[in-house]
Amino acid sequence: MHFSLAELANRVGGRVEGDGSIRIERVMPLEEAGPSDISFFSNRRYVAEFAATRAGAVIVGEGEQVAPGRTVLRSGNAYLAFARISTLFHPPRESVPEISPQAVILEGAVVDPSAEVQALAFVGRGATIGARTILFPGVVVGHGARVGDDCILHPNVVVGDRCVVGNRCILQPGAVLGGDGFGFAFDMEGDGSGPRHVKVPQSGIAEIEDDVELGVNSCVDRATLGRTVVRRGAKIDNLVQLAHNVEIGPLSLIAAQTGISGSTKVGMGVAMGGQVGIVGHLSIGDGARFGAKAGVHNDVPAGEVYSGYPAVPHRDWLRESAALRALPALVKRVRELEKTMKKLQEEK
Amino acid sequence: MHFSLAELANRVGGRVEGDGSIRIERVMPLEEAGPSDISFFSNRRYVAEFAATRAGAVIVGEGEQVAPGRTVLRSGNAYLAFARISTLFHPPRESVPEISPQAVILEGAVVDPSAEVQALAFVGRGATIGARTILFPGVVVGHGARVGDDCILHPNVVVGDRCVVGNRCILQPGAVLGGDGFGFAFDMEGDGSGPRHVKVPQSGIAEIEDDVELGVNSCVDRATLGRTVVRRGAKIDNLVQLAHNVEIGPLSLIAAQTGISGSTKVGMGVAMGGQVGIVGHLSIGDGARFGAKAGVHNDVPAGEVYSGYPAVPHRDWLRESAALRALPALVKRVRELEKTMKKLQEEK
Amino acid sequence: MHFSLAELANRVGGRVEGDGSIRIERVMPLEEAGPSDISFFSNRRYVAEFAATRAGAVIVGEGEQVAPGRTVLRSGNAYLAFARISTLFHPPRESVPEISPQAVILEGAVVDPSAEVQALAFVGRGATIGARTILFPGVVVGHGARVGDDCILHPNVVVGDRCVVGNRCILQPGAVLGGDGFGFAFDMEGDGSGPRHVKVPQSGIAEIEDDVELGVNSCVDRATLGRTVVRRGAKIDNLVQLAHNVEIGPLSLIAAQTGISGSTKVGMGVAMGGQVGIVGHLSIGDGARFGAKAGVHNDVPAGEVYSGYPAVPHRDWLRESAALRALPALVKRVRELEKTMKKLQEEK
């Protein structure tokens, strides 16, 4: 597979600065690229690698300064241009229509003839698997679950009974859609056998809409009643926990190891850094953003940026963090003031 | 399946306010319920949904104000009443005694005739599976492991060699009981090959007692020596990490993404929010409680409530957090005082 | 299996204080050990257990005070001596050369004749499995992946297509090497269908070098371009997240639930406590250490110890945490000063 640089620029709506006729055969990192490779530069931490690269061409943004002689593909959205060019060289794997004889398909399951069910995958009673969807080994699709078209369920993914996966979804290895939510009612008597936690049936479902991606070993619990839902185009990273009855708005991005407690509603286009924690029953407005490790105890309005634990507006957090750095010195200054004050009063 | 409202009230020891003869067919969320459904209200965040619900009846607590004309099932422990009523409508799945021909049962394993071993489940040499226990696809029970009666091991659960699962336990998908603990001794010489970490054999086991639930993709490591143990009735949420030789007391509740380091002993009835971290070799007293994201570096006495990082008594944390909010202003006030003081001294 | 105490001491380069001829049959915890057992003491929290133990012998360090009559095996590196003695009693499981007829090996895969591939394991097209390596049930090795010699891949481990595992590696249950990194470019137009996130192909690989261990349900993502790599002898604990293009230096130790964001480079011999978070594109110097729950936003020089959120040098964090404890009182003292000052000024 190869393209001329001009053709690549044309496909992504960018423009070439330099020789557009060079032949591009691979997409490579700056450090490893050679004359037939295209690479990508945007983060200023890698300015030395950009200066030193042997890449035939480099994708850069509009504002980027470029050394003379360096051939670039310039784009108003360089990262998007990179994504598209890389997709040309690495197209998504297409399904090979086949049900492996070593797969297990229970009665009443409906698997589209264009789907690919690999060995050691399991499809439960009455489940449906859509067109061109791929089930890798170790995948378990529960009874009555519905998986849409053009999905990829990587190895050891679990889709629980009656749960729903939209079209064009990707579930990374070990992701679990539809485990039980964590709900227990405390029973002091326990029918005479002493105190115990009574399991609250988690009889709802979990659903992900079209174009959702779930990360490795991530967890989306089924609802107590009703449904837990991740709306279209949202992307969930590895080891994320979404509790029962959570709702994640369309196009939201949730980074690794974040946890969202029961019944919290997250709006559209929200972005969360890694290891964020949000308590239950909150409402997070559209477009809100959260710094890594934020611990959120209150509703957050649309468009706000929050950080810290407990989370506060990001600017406040920066101010408070800086003040905290200065706190040990402040303690000394107050002690000094107290001494001086005492002297002043004694002198009176 | 249906019940009269009066019958439901009778079964859970509650009382009807309104028409007890109405027929209840489902348990539904407030927003989705109709005239033949029962719903549940306790959290004041949903007071609008309670006012607007079309539910035939709503389960409420003793103190709850109810609009005229609204039919309710009132109970001293409304959440418990809800759990029990929901269980009537959604009874736990019963095992279908059968060993799938596509399951793998090694020699010397003893599977109770009433157990259900589904396709693609694996039972190791000398393992025992109790009465009415269900093994879903992808479950791996190691050599010599013992799983009790009436357990549910959801897809892709792993029970390591020689580990022990009590009766009536539920292991959510991907939960791993008995992975190796994280123990390495540093060897500077490495037998002449340079420094290396020598693995400390994790030769102990991991055990969960009766009525324990382990969440999705949770980890309970086996002990270095002896055993890691989760005692009867404790409930562990998704993505929780319990390290080697940890002990969790009976009836404790540990929310998602919490991690407890090696050899820490947690008492009875302890409750932890999400993303709590506890360092190793600590002792946590009975009934202690921890706010989400608490970072615990010291023993905690029985009955205490801790929050923050480093964790302190919850009240102190609230005070400190409030003071931190005011800290940037405090810095200015101290600067002001210093200026005034300087002036005062110069004027003398 | 049994050894005389003198023989054990000889094998680990320690010395006996007491009767070296006693016969040792097991390694046991202090509380459970009997006269034919050896145990281990180093943490002063367990001084009572040490005093009370019935163990025939106890491994202790050079400086340790020992009660008269207590037989010990003394060593300059007691924990290493313990690791070695425990390994004598619990040698690692050896492979039983066999490919189970219930395993699935696709065409072109090369499995060494001395390897053990258990039932329900899957090896993809063109993958290679080295000598004496063990694949447990539920393991999925992707197309073209390479697994070295003497590895143990525990149940439900996933090694993605083209990924690389060195020699003597251990992957605990559910560990995933080579899931997709989390990379999306925002496309405002979405080809006329409205805004969407375009997946950036994760076309690189993930590699772990020799002697690496990955914990239960841990995630090492494949690179966007190039490779994510964990270097020789590094040990990664449960539920850890290593994002695309991360590099972990040799012999580093990363405790449970830690997350490292994309492209961050971690040096040699770095140690991280649990639940640490490190943002992307950073450089962490050799031998740096991090307290549990540290949140790292900046490069860290070699040899430094960091804690806190945001992370600062550990000493500063201790000072700041102590000052924070005193902050509510400080606020009062400043208020007091202000009042006194006001009075002073009024009196003038």
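**Three chains, their contacts and cores**

Me: What rotation and shift superpose chain C on chain B, and with what RMSD?
Reply: In this predicted model, a rotation of 120 degrees with 0.0 Å of shift along its axis lays chain C on chain B, at an RMSD of 0.1 Å. Copies are superposed by least squares on the C-alpha atoms of residues with pLDDT of at least 70 in both.

Me: Why is this called the relation of a three-fold axis?
Reply: Two copies of a chain are related by a rotation about an axis and a shift along it. Here the rotation is 120 degrees and the shift 0.0 Å, and that is the relation of a three-fold axis. Chain C also goes onto chain A by a turn of 120 degrees and a shift of 0.0 Å along the axis, with an RMSD of 0.0 Å.

Me: How are residues and chains labelled, and which parts of the model count?
Reply: Residues are numbered from 1 along each chain as its sequence is written, while chains are lettered from A and ligands numbered from 1 in the order in which they are written. As the model is predicted, local features need pLDDT of at least 70 and side-chain atom pairs count only at pLDDT 80 or more, whereas totals for chains, interfaces and linings use all residues.

Me: How many residues of chain C are in contact with chain B?
Reply: Two residues are in contact if their C-beta atoms, placed from the backbone, lie within 7 Å. By that rule 55 residues of chain C are in contact with 50 residues of chain B.

Me: Which element gives the most to that side of chain C?
Reply: α5(C) does, with eight residues. Helices (H or I, at least four residues) and strands (E, at least two) are DSSP runs, numbered from the N terminus.

Me: What makes β10 and β36 of chain B edge strands?
Reply: Two strands pair if DSSP finds at least two bridges between them. β10 (110-111) and β36 (283-284) of chain B each pair on one side only. The open sheet has nine strands, in the order β10-β13-β16-β19-β24-β27-β30-β33-β36 (chain B), with parallel pairing.

Me: How do you know that β30 and β33 of chain B pair?
Reply: Two bridges join β30 (residues 247-248) to β33 (residues 265-266) of chain B, and at least two are required. B:I248 stands opposite B:V266 in β33(B).

Me: Which residues touch the most other members of the largest nonpolar core?
Reply: A:L177, B:L177, C:V141 and C:L177 do, in a core of 330 residues. Such a core is a set of buried Ala, Val, Leu, Ile, Met, Phe, Trp, Tyr and Cys residues joined through C-beta atoms within 7 Å; buried means that 20 or more other C-beta atoms lie within 10 Å of a residue's own, with C-beta atoms placed from the backbone.

Key: A residue is buried if 20 or more other C-beta atoms lie within 10 Å of its own, exposed if 12 or fewer, and partly exposed in between; C-beta atoms are placed from the backbone.
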